[in-house]
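Welcome, and thanks for taking a look at this one. Please keep the sequence and the 3D view side by side while you read the notes.

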Amino acid sequence: MLIIKYRKIFYALSGILIAMSAGALLVWGLNFGIDFKGGAIIEVSYPEDRPEIGAVKENLDKLSLGSYSLQPTGNEGFILRSRAIKDAERPLIQESFSFKDSKKVEVKRFNSVGPVLGKEAATKSLISLFIVIFCIVIFITFAFRKVSEPISSWKYGFIAIVALLHDVIVPTGVFAALGHYYGYEIDTLFVTALLVVLGFSIHDTIVVFDRVRENLSLARGHREKKPFDKIVGDSVSQTFARSINTSLTTVLALVALYIFGAESTRHFSLALIVGIAAGTYSSIFFGSPLLVTFEKWQNRKK
């Protein structure tokens with residue numbers, strides 16, 4: 001198949017994506033939300049007539065919130081980000097938005113997290129990512145334990161993890177750039193999106209790898225001496241349409257959610273769109289060709 005034949009081109013493309021994502025992370029870093037650094041986020045909506053942002057800021061400036069940001073959302077509301085808000089301050093903030101009840105306002109979201117809880121959330125998020133990746137390695141190694149030729153089972157697990165790192169780095173780098181230019185934040189929903197992407201991506205990768213295992217068994221059963229790159233190429237061809245169609249239908253649903261969904265789930269939808277697209281690419285164009293590359297490296301050593 002052309003994917004296996006021209007695998008170096010796809011390696012180069014993956015390398016460019018990873019380098020750009022890593023560069024964005026190193027240069028701009030991540031814009032952590034209140035879930036990780038502590039603070040408050042308040043989203044309000046004006047059903048009738050939204051006031052000018054300057055007038056709202058004048059009211060908020062009287063509350064000693066320190067450094068805060070107020071941004072319009074849609075055509076009817078605002079999003080306020082500030083330090084953690086005490087219970088006693090909540091009615092004062094609502095009064096500021098409603099101009100002392102002279103304007104009708106609806107509080108759609110009010111989240112306040114202290115710095116200690118933020119650090120705890122960040123730690124637990126990292127732990128959960130590492131646990132998921134570790135469990136995936138163990139599962140693949142066990143599932144492919146009977147496959148020893150031409151490459152051993154643990155290498156299937158290693159290649160899957162390399163592909164998963166690709167799928168995590170790319171959306172994280174995209175959000176680093178979006179955070180720098182448009183203020184996109186990294187929160188627990190983003191971590192949830194990464195965990196979903198890991199599951200989705202490893203599912204695609206295992207489907208291809210399992211077809212490779214089946215085709216290897218069939219070749220041995222018929223005593224055929226097919227080259228390993230031919231077996232991998234056939235396996236990718238047999239699963240290509242299924243992987244693309246599954247990912248495409250999922251992405252289309254997420255695009256609809258991104259466009260028509262609530263503001264609070266928009267970034268979550270975008271993270272899934274980028275991650276699933278990267279995961280589908282890595283399963284077909286990156287992870288599977290790596291099997292052939294590993295096999296050729298082994299032959300050179302021999």
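Below is a short tour of the surface, the salt bridges, the main pocket and some individual residues.

This is a predicted model. A good place to begin is the largest pocket, which holds about 680 Å³ of space. From there, the notes turn to a nonpolar surface patch to which α2 and α7 each supply at least two residues, and to the 8 salt bridges found by a search of the whole structure.

**The largest pocket**

- The largest pocket has a volume of about 680 Å³, and 32 residues line it.
- If you would like to centre your view there, the lining residues closest to the middle of the pocket are I41, I79, R81, E185 and H267.
- Both helices and strands take part in the lining: α3 (34-37), α7, α8 (188-221) and α10 each give two or more residues, and so do the strands β1 (39-45), β2 (69-73), β3 (77-82) and β4 (106-113).

**The nonpolar surface patch**

- Five residues, L26, V27, W28, Y181 and Y182, make up a nonpolar patch on the surface, and together they have about 660 Å² of accessible area.
- Two helices each contribute at least two residues to this patch, namely α2 (7-28) and α7 (153-182).
- Which helix gives the most to the nonpolar patch? That is α2, with 3 residues.
- Y181 belongs to helix α7 and is exposed, because its relative accessible area of 55% lies over the 50% cut-off.

**Salt bridges**

- Across the whole structure, a search turns up 8 salt bridges, and three of them are picked out here.
- R83 and E89 pair through their side chains, with 2.8 Å from N to O.
- Are the two partners of that pair buried or exposed? R83 counts as partly exposed, at 31% relative accessibility, whereas E89 counts as buried because its 17% falls under the 20% cut-off.
- K230 and D234 also form a salt bridge, at 2.9 Å from N to O.
- Helix α9 (residues 228-260) holds both K230 and D234, which sit 4 residues apart, about one turn of the helix.
- Salt bridges with shared partners link K226, K230 and D234 into one network.
- Within that network, the closest N and O atoms of K226 and D234 are 3.8 Å apart.
- Both lysines are partly exposed, K226 with a relative accessible area of 38% and K230 with 41%.

**Contacts between distant parts of the sequence**

- F268 lies in helix α10 (residues 266-301).
- How far apart in space are F268 and F190, C-alpha to C-alpha? The distance is 5.8 Å, although 78 residues separate them in sequence.
- Leaving out residues up to four places away in sequence, F268 touches L189, T192 and A193.
- G183 sits in the loop between α7 and α8, and its 31% relative accessibility makes it partly exposed.
- The C-alpha atoms of G183 and G33 are 9.9 Å apart, while the two residues are 150 places apart in sequence.
- Beyond its neighbours up to four places away, G183 touches N31 and L178.

**A buried serine in β1**

- S45 has its place in strand β1.
- Why does S45 count as buried? Its relative accessible area is 7%, and a residue is buried when this value is under 20%.
- Apart from neighbours within four places in sequence, S45 is in contact with E76, G77, K104, V105, E106 and K108.

**Positive phi in the loop before β4**

- F99 is found in the loop between α5 (90-98) and β4, and its phi is near 55°, a positive value in a residue other than glycine.
- K100 is in the loop between α5 and β4, and it has a positive phi of about 55° although it is not a glycine.
- The accessibility of these residues is worth a look too: F99 counts as partly exposed at 23% relative accessibility, whereas K100 is exposed, with a relative accessible area of 69%.

Terms used: Residues are numbered from 1 along each chain as its sequence is written. This is a predicted model: local features need pLDDT of at least 70, side-chain atom pairs count only at pLDDT 80 or more; totals for chains, interfaces and linings use all residues. Side-chain values use heavy atoms; hydrogens and water are left out. Patches are made of residues with over 30% relative accessible area and no salt bridge: like charges are joined within 9 Å, nonpolar side chains (Val, Leu, Ile, Met, Phe, Trp, Tyr) within 5 Å. Accessible areas come from the Shrake-Rupley method with a 1.4 Å probe; for residues, only the protein chains shown count as cover. A salt bridge is a side-chain nitrogen of Lys or Arg within 4 Å of a carboxyl oxygen of Asp or Glu. Buried means under 20% relative accessible area, exposed over 50%, partly exposed in between (1.4 Å probe, protein chains only). Contact means heavy atoms within 4.5 Å. On a 1 Å grid over the protein atoms alone, a cavity is a set of points where a 1.4 Å probe fits but cannot get out, and a pocket is an open set with protein on both sides within 12 Å along at least five of seven lines; lining residues have an atom within 4 Å of a point. Grid points are joined across faces, edges and corners, and a volume is the space filled by probe spheres set on the points.
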